[in-house]
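Please look through the structure shown below with this report at your side. The sections take up a few topics in turn, beginning with an internal space.

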Amino acid sequence: MFKKVCLVAAVFGAMASAHAEQYTLINEGFDTTVVNGGTVLAPDRLGAADWRFINLNSPSGAVPGWTQGLESNFPAQAGAGESFLQARWAAGPDGGSLGSWLITSAFSTAFDTQVSFWARGGVDGNYADDLTYGLVDAAGDLASLLPVATITATLGEWSRYTFTIAGQGTGSSARFALGHVGAVDTSDIAAVDSLVVAQVPEPSSWALAGVSLLGLMAARRRRAAR
């Protein structure tokens, strides 16, 4: 009897352990992002990638907002040397303002969700590059942006940033948006790598699973005793 109960507890414990490790929805290392001017991103857990690249630079500059990284500028945070995204001041003209936006595919926000990414600036201390990040609606409309923070990308090294979204309930969803913003004249280059969106289902979901297993074992014991 005790061994059977321990078995159920062990199964439930394994489930809880797996739950604690989170469920990854998006894991993008930007290995092959820009191809012939188009964008190609690895599929995520939700199916084919549906990322958006929006250029709100004012006015528009000589280069696109986000492009494949160049190892000649600096190496990626992880993976191959050019497996990151970069946004440059040249996306806007002198005297202009930057608004180069990267928006992920939509993901569920039903349960607590953690978003993390690595970012960095260039190597020239005469410039500072700002990044604004937050959430937009599932349609990817920047007008719906709920900003989390605006940071100045760390000069000369990669830094990790993370935040958690409290569960919003069944049917809720959002996208992560990251913008290279600020004045063209004071900006140089910003980069992003290793972007991960992971979710943790509510503990009550796992508790209910454990209760169901215990109930199943109890029913089997009653049948065996007849």
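## The lining of the cavity

In this predicted model, the residues that line the largest cavity divide into 4 nonpolar, 2 polar and 3 charged. The lining is made up of Gly121, Gly122, Asp124, Tyr127, Ala128, Asp129, Ala153, Leu155 and Asp188, and the two glycines are counted as polar because Gly is placed among the polar residues in this scheme.

Rolling a probe the size of a water molecule over the atoms shows where empty space is left. When the whole structure is searched in this way, 1 cavity of 30 Å³ or more is found, and the volume of the largest cavity is about 30 Å³.

## The chain as a whole

The chain contains 2 helices and 14 strands, and of its 226 residues 39% count as buried. If one takes the contacts between residues at least 6 apart in sequence, 78% of them join residues that are at least 24 apart.

## Two residues with positive phi

Most residues other than glycine have a negative phi. Phe30 has a phi near 55°, which is a positive value in a residue other than glycine, and this residue is found in the loop between strand E1 (23-28) and strand E2 (34-35). Is Phe30 buried or exposed? With a relative accessible area of 0%, Phe30 is buried.

Ser194 also is not a glycine and has a positive phi, of about 50°, but Ser194 is found in a strand, namely E14 (residues 189-200). Its relative accessible area is 16%, and Ser194 therefore counts as buried, since the cut-off for buried is under 20%.

## Aromatic rings

A pair of aromatic rings is described by the distance of the centres and the angle of the planes. The structure holds 10 aromatic pairs, and one of them joins Phe30 to Trp51, whose ring centres are 5.9 Å apart and whose planes stand at 85°, so that the pair is edge-to-face. Because Phe30 lies in the loop between E1 and E2, and Trp51 in the loop between strand E3 (38-39) and strand E4 (52-55), this pair ties together parts that are 21 residues apart in sequence. Trp51, at 9% relative accessibility, counts as buried.

Another aromatic pair, formed by Tyr133 and Phe176, is tilted, with 6.2 Å from centre to centre and 50° between the planes. Tyr133 belongs to strand E10 (residues 130-136) and Phe176 to strand E13 (residues 173-183), so this pair ties together parts that are 43 residues apart in sequence. Tyr133 and Phe176 are both buried, and ring pairs link them with Phe117, Tyr161 and Phe163 into a cluster. A ring can also have a charge placed over it, as with Phe74, where the charged end of Arg120 sits over the ring at 3.8 Å from its centre.

## Buried residues and their contacts

Thr104 is found in the loop between strand E7 (97-103) and strand E8 (107-108), and at 0% relative accessibility Thr104 counts as buried. Although Thr104 and Trp51 are 53 residues apart in sequence, they are 4.6 Å apart in space, taken from C-alpha to C-alpha. Not counting residues up to four places away in sequence, Thr104 touches Ile26, Asp50, Trp51, Arg175, Phe176 and Leu195, and among these are Trp51, a partner in the edge-to-face pair, and Phe176, a partner in the tilted pair.

Gly69 lies in the loop between strand E5 (66-68) and strand E6 (85-88) and is buried, with a relative accessible area of 0%. The C-alpha atoms of Gly69 and Leu85 are separated by 4.8 Å, while the two residues are 16 residues apart along the chain. Which residues does Gly69 touch, not counting those up to four places away in sequence? They are Glu82, Phe84, Leu85 and Gln86.

Ala198 lies in strand E14, the strand in which Ser194 is also found, and is buried with a relative accessible area of 4%. Leaving aside its neighbours within four places in sequence, Ala198 is in contact with Gln22, Tyr23, Thr24, Leu25, Asp112, Thr113 and Gln114. Between Ala198 and Phe111, which are 87 residues apart in sequence, the distance in space is 10.0 Å from C-alpha to C-alpha.

Key:
Residues are numbered from 1 along each chain as its sequence is written. This is a predicted model: local features need pLDDT of at least 70, side-chain atom pairs count only at pLDDT 80 or more; totals for chains, interfaces and linings use all residues. Side-chain values use heavy atoms; hydrogens and water are left out. Helices (H or I, at least four residues) and strands (E, at least two) are DSSP runs, numbered from the N terminus. Buried means under 20% relative accessible area, exposed over 50%, partly exposed in between (1.4 Å probe, protein chains only). Rings of Phe, Tyr and Trp (its six-membered ring) pair if their centres lie within 6.5 Å; planes under 30 degrees apart count as stacked, over 60 as edge-to-face and the rest as tilted. A charge sits over a ring if NZ of Lys or CZ of Arg is within 6 Å of the ring centre and within 35 degrees of the ring normal. On a 1 Å grid over the protein atoms alone, a cavity is a set of points where a 1.4 Å probe fits but cannot get out, and a pocket is an open set with protein on both sides within 12 Å along at least five of seven lines; lining residues have an atom within 4 Å of a point. Grid points are joined across faces, edges and corners, and a volume is the space filled by probe spheres set on the points. Contact means heavy atoms within 4.5 Å.
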